[in-house]
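Please open the structure in your viewer and keep the sequence panel visible beside it. This tour proposes one selection after another and describes what is found at each stop.

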Amino acid sequence: MTRRKHRRSKQPAAHPAVHTPLHEPTEWRLRHGHFGPPVREADPDTGLTVIHRRAIDTLGQMLSNGTITADMHDAGQVFRSAFRAAALDPLRAMPLLRVPAATGEPLTERTAAARQRVARALEALGGSASPAGSCVWHVVGCELSIREWAARQGWGGMPVGHAQAQGILVAALGMLAKHYGLAPRGRARRA
């Protein structure tokens, strides 16, 4: 009986291994959002030089593009912090100690107050079912992209749908800025 030698054909790899330096974002991460320029700082504990890169979110990107004002950006940040404090984000970590299903999680006073702030903000936008309320809930609160929210609304990836969704977010942020008292006063009132 003869043994046949199986030769492996030398085919080029479909995706050659690209080694990204540790101080650079990976290719996957770069496809999922923009980054600000690297900032070199000294680590307070060790004194070693470290490089920080700040991921730019939707609001930060719109502010840098000039699509929204600083007041609108601040209003979005206020809503986002209330949304997080209200524990309304659908993605949560599992508790280390499992709580029996019958008791559930206790609602703290801080969480209840944050939920009231979120409810008042959504009411100022026309309710959670309104386009402005839904957009702020998903894009600012849950941190979906505008494109993902437009797809949920059934507009798909159409450029017109994305432009409409961005317009709704800009208008909603303007209304939030007024609701939080961050909107600038009119010229007549300044004089």
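**A tour of the salt bridges**

Begin by selecting Arg-80 and Glu-143, which form a salt bridge whose closest N and O atoms are 3.9 Å apart. A salt bridge here is a side-chain nitrogen of Lys or Arg within 4 Å of a carboxyl oxygen of Asp or Glu. The pair links distant parts of the chain: Arg-80 belongs to helix α3, Glu-143 to the loop between α5 and α6, and 63 residues separate them. Helices (H or I, at least four residues) and strands (E, at least two) are DSSP runs, numbered from the N terminus.

The model is predicted, so local features need pLDDT of at least 70 and side-chain atom pairs count only at pLDDT 80 or more, while totals for chains, interfaces and linings use all residues. Residues are numbered from 1 along each chain as its sequence is written, and side-chain values use heavy atoms, with hydrogens and water left out.

**Second stop: Arg-84**

Keep Glu-143 selected and add Arg-84; these two form a salt bridge with the closest N and O atoms 2.5 Å apart. Because Glu-143 lies in the loop between α5 and α6 and Arg-84 in helix α3, the pair ties together parts that are 59 residues apart in sequence. Is Arg-84 buried or exposed? Arg-84 is exposed, with a relative accessible area of 52%. The terms are defined as follows: buried means under 20% relative accessible area, exposed over 50%, and partly exposed in between (1.4 Å probe, protein chains only). Glu-143 counts as partly exposed, at 41% relative accessibility.

**Third stop: Asp-57**

Return to Arg-80 and add Asp-57, with which Arg-80 forms a salt bridge; the closest N and O atoms are 2.5 Å apart. Asp-57 is in the loop between β4 (55-56) and α2 (58-65), and Arg-80 is in helix α3, 23 residues apart, so this pair too links distant parts of the chain. Arg-80 counts as buried, at 5% relative accessibility.

Now display Asp-57, Arg-80, Arg-84 and Glu-143 together: they are linked in a network of salt bridges. How many salt bridges does the structure hold? The structure holds three.

**Last stop: two backbone angles**

Select Glu-143 once more and inspect the backbone: its phi is near 60°, a positive value in a residue other than glycine. Glu-143 sits between α5 (131-141) and α6 (146-152).

Finally, select Ala-87, which has a positive phi of about 55° although it is not a glycine. Ala-87 is located in the loop between α3 (70-85) and α4 (109-124), and it counts as partly exposed at 27% relative accessibility.
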